[in-house]
Amino acid sequence: MQASQDLATGPGSAFASPSTVDGTGMHLGLAPALTPDGLVASASFFHGFLTQPQVYARGLLALAEITATRYFQYTPSHLRDPVFTAHGDRLRAEVFSACNGVAARLDLHACAVDGGEIGRGTTNVDLGETMKSALAQVRAEQLMHLDVGREQVTVSTLDRTETERKVEMPARWIPAFGNLAGIHRGFEQLASYDGATARRILGQLPVSYRSGTDASWISMHGRMPRLTDRPGPGAVRIPGAHRLVAARRLLTHLQGMEVYGDPDAGRGVVVEFPLPGGRLSLGLTEQSWRGFSGEGALLVSLSAPQAAVDADVLSTLLAFEPVIEVPRMMREAALPEQRVLDGLAVLAASGRVGWDLAQQAYYHRELPHDPSRVERDHPRVRSARRLVAQGAVHHREGDRFWVESSQQDEIPAGATTDADGRHGYDVNLRGPGADTCACPWVAQEGLSRGPCKHILAARILTEDGTYALVDDHQPV
């Protein structure tokens, strides 16, 4: 399969226009007709009657509510535009909240489709007021037909038919998709509840941000859950629990509730709700005011010397897989595991792969690949490469480095001074997630939002194999 940019404009292209990215957003024009079998002229890559029409209708309404909401400071938003990806065996719809601190995904499995076809493709459409009105009127026993295509999404019942056209995807969703995959890949299941317990938990949610605390804990008292403001034995922490309130739209359909996270890293949580024929996933950042775009979860992989080249190789192997098998990628690309993972991180940073916690695997969504944008969206990687190019990174011994500060007019906090009077920071490469640096960024944020530019610069120098050629520059 050729690179997606070439497919949009090459001879015999079936696309009306190529995908483009500009300052206003991403215009998806190519993905729906790109399949594992090549280009197809069909404008529809998903159509069929739904066996659980009310579940999916309410799920789409939950996505529309989330993408139109700012959960930290409530202000109106016009965003209502999920990204749909069909994988042959399921349909995924994904959004971010207007504040970028909530990521939501609604999965529709093949068992929920009757008399239709799930193809392969990606598109982005708006769920406007008329569509929301139609979805809100869908009853459990009612026939509902869904058609997702290159230019539009159509919902039809016996009473009405509503169509929404393709719209631009917000540009900041691109790095947010990447950080989402990078963060969630390290999560494990922390708790699992049945449907009745899930309904009781959602019934106790705060409906808005509360000053003074941005976290709640779920604790069990016998068989009854309690949502509290304080931790306790066995309690599960939910940062900004008010951001789960949209899931109440599916209250009568919930089959359970699963909480995923990394209890040691403080990087937010994912709460998943199994549904008849599908699943609703809500990812929350660690604080309500933080957005996924700036989390820095992929920086170490993005700074790897061969990552961009390996990403180009791996991109030719993507075929809208609902589950990307890393061993297959290793075999077909003839690359070791770490280089495959680093290459997938670059593709994630372009929004082209996501992470499914229930499957514990990457999946493919087709967005335009712009290698220059990956570094542009991650300024810490760009700054780290600049430090290396300027010769500001000095190897001391073992895994210890000293990186000159860009502020030389005064001694920055945490800096040491060398014999020539230059200021810099001590860096110790103990391993991803355990590296240390004396700079103010790490002092304030730790590594929960990714490494600082000094750690990245030391890693770049080490992985390039050039640090032995740099003069040992001992601070005093």
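Modeller: Strands count as paired here if DSSP finds at least two bridges between them, and a strand itself is a DSSP run of E over at least two residues, with numbering from the N terminus. This is a predicted model, where local features need pLDDT of at least 70, side-chain atom pairs count only at pLDDT 80 or more, and totals for chains, interfaces and linings use all residues. Residues are numbered from 1 along each chain as its sequence is written, and side-chain values use heavy atoms, with hydrogens and water left out.

Colleague: Fine, then what makes β12 and β13 a pair?

Modeller: Strand β12 (residues 152-156) shares 5 bridges with β13, in the antiparallel sense; the rule asks for at least two, so the pair qualifies. One of the contacts to look for is Val 155, whose bridge partner in β13 is Glu 162.

Colleague: Which order do the strands of the open sheet of 5 take?

Modeller: The order is β9-β5-β11-β12-β13, and the pairing is antiparallel. β9 (113-118) and β13 (161-165) stand at the edges with a single partner strand each, so one side of each has no neighbour in the sheet. Neighbouring strands here are turned by 10° against each other on average, direction ignored. Helix α3 (residues 129-136) lies across β12 and β13, at about 140° to β13.

Colleague: And what is the order in the open sheet of 3 strands?

Modeller: That one reads β16-β15-β17, with antiparallel pairing. β16 (224-228) and β17 (236-239) are at the edges, each with a single partner strand, so each has one side without a neighbour in the sheet. The average turn between neighbouring strands of this sheet is 25°, direction ignored. Strand β15 (residues 215-221) is joined to β16 by 5 bridges, and Trp 217 has Thr 228 as its bridge partner in β16. Helix α5 (residues 195-203) packs on the sheet, touching β15 and β16.

Colleague: Why is α7 called roughly perpendicular to α9?

Modeller: The axes of helix α7 (residues 307-315) and α9 cross at roughly 80° and come within 8 Å. Roughly perpendicular covers 65 to 115 degrees (under 35 is roughly parallel, over 145 roughly antiparallel, the rest oblique), so α7 gets that label against α9. Residues that meet (contact means heavy atoms within 4.5 Å) include Ala 311 and Leu 314 in α7, with Leu 344 and Leu 347 in α9. The residues of that contact divide into 8 nonpolar, 2 polar and 3 charged.

Colleague: What makes something a cavity, where a 1.4 Å probe fits?

Modeller: On a 1 Å grid over the protein atoms alone, the probe cannot get out of a cavity, while a pocket is an open set with protein on both sides within 12 Å along at least five of seven lines; lining residues have an atom within 4 Å of a point. The whole structure holds 5 cavities of 30 Å³ or more, and the largest cavity has a volume of about 160 Å³. Its 20 lining residues include Ala 103, Arg 105 and Trp 355, which are among those nearest its centre. Helix α4 gives the most to that lining, with 4 residues.

Colleague: How many residues line the largest pocket?

Modeller: The largest pocket is lined by 30 residues, with Gly 182, Arg 267, Ala 297, Val 300 and Pro 432 nearest its centre. The space in that pocket is about 790 Å³. α9 gives the most to this lining, with 4 residues.

How values were computed. Grid points are joined across faces, edges and corners, and a volume is the space filled by probe spheres set on the points. Axes are lines fitted to C-alpha atoms, for helices over the stretch in contact, and angles run from 0 to 180 degrees between N-to-C directions. Ala, Val, Leu, Ile, Met, Phe, Trp, Tyr, Cys and Pro count as nonpolar, Asp, Glu, Lys and Arg as charged, and the others, Gly among them, as polar.
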